[in-house]
Amino acid sequence: MYNSGSYPPQSQYYPTQSSSASYPPPQGYQQYPPQQQYPQQQRLNVIDASHHSAPWAAYDLQQTEYDQIMGIFITFDEDDSGELSRPQMKRLCKCLNYARSDADIERIFSQMDVDGSGALSMAEFCTWLKYNKADPETLYGLPQYEYNTILMHFFEQDSNQDGSLDVQEFIRLGRSMGMAPDIAEMVFQEIDINHDGGIDLHEYLMYRKACRRH
């Protein structure tokens, strides 16, 4: 189990009205990974690190990051094929906060699928990640470790893996981080600004970013 440390004091869960009224994405968020840095027609040489003693280093990842990514990749590879189909990749993208729109997910899939097979290997996935790693400090004001920990906790409570938490799932998330159920429910209502009964990872991360300002 990943330990996210202490939550901020209760007063920090409630940003001012101006900061919590909406959650605009950080500048450039919809373009992440930036199109100009990784043109769609560009093809990378896939790095096969399966025989490396430290495969994470081949992809410029920390061992903990690599282990997390591999664990999630295997989880979404439901047929144990060793590859991800488009639908599986779509769910993984939302889980890892790589993209939110179907168009962005399709673009990312096309970039990853170097051999054009219509399925992604772990090597293709990690090769793409090497050149398109998120900068959570810029996007959400979070250090990498805290960002990774939040992703893992969110993923653990997302029981149907649709990239969104309902109120009961969010209460379980809060409990795992030391938040009382009644407080968690109040926080859920605070974050769920469109009142659709669900909180996606981006909404939650934007809320955490707002909390850090107070």
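The chain has a mean pLDDT of 78, with 79% of its residues at 70 or more; pLDDT is the predictor's confidence in each residue, from 0 to 100. This is a predicted model, in which local features need pLDDT of at least 70 and side-chain atom pairs count only at pLDDT 80 or more, while totals for chains, interfaces and linings use all residues. Residues are numbered from 1 along each chain as its sequence is written, and side-chain values use heavy atoms, leaving out hydrogens and water.

Confidence varies along the chain. Among its elements (DSSP runs numbered from the N terminus: helices, H or I, at least four residues; strands, E, at least two), helix H1 (residues 17-20) has the lowest mean pLDDT, 35, and strand S1 (residues 83-84) the highest, 95. Over residues 1-41, pLDDT stays under 50.

Now to helix H11, residues 201-212. Its twelve residues should span 16 Å at 1.5 Å a residue, which agrees with the 17 Å between its end C-alpha atoms; the expected span is 1.5 Å times one less than the number of residues. Asp-200 caps the N-terminal end of H11, with a side-chain oxygen 3.2 Å from the backbone nitrogen of His-202. Ten of the twelve residues are buried, meaning under 20% relative accessible area with a 1.4 Å probe, protein chains only. Among them are Tyr-204, Arg-208 and Cys-211. The buried residues pack against helices H4, H7, H8, H9 and H10 and strand S4.

Elsewhere, Glu-65 sits in helix H3 (residues 63-76) and counts as buried because its relative accessibility is 7%. Leaving aside residues up to four places away in sequence, Glu-65 touches Lys-133, Gln-144 and Asn-148 (contact means heavy atoms within 4.5 Å).

Terms used: Buried means under 20% relative accessible area, exposed over 50%, partly exposed in between (1.4 Å probe, protein chains only). A polar contact is a pair of N or O atoms within 3.5 Å; within protein, one must be able to donate a hydrogen and the other to accept it, and residues adjacent in sequence count only if both atoms are side-chain atoms.
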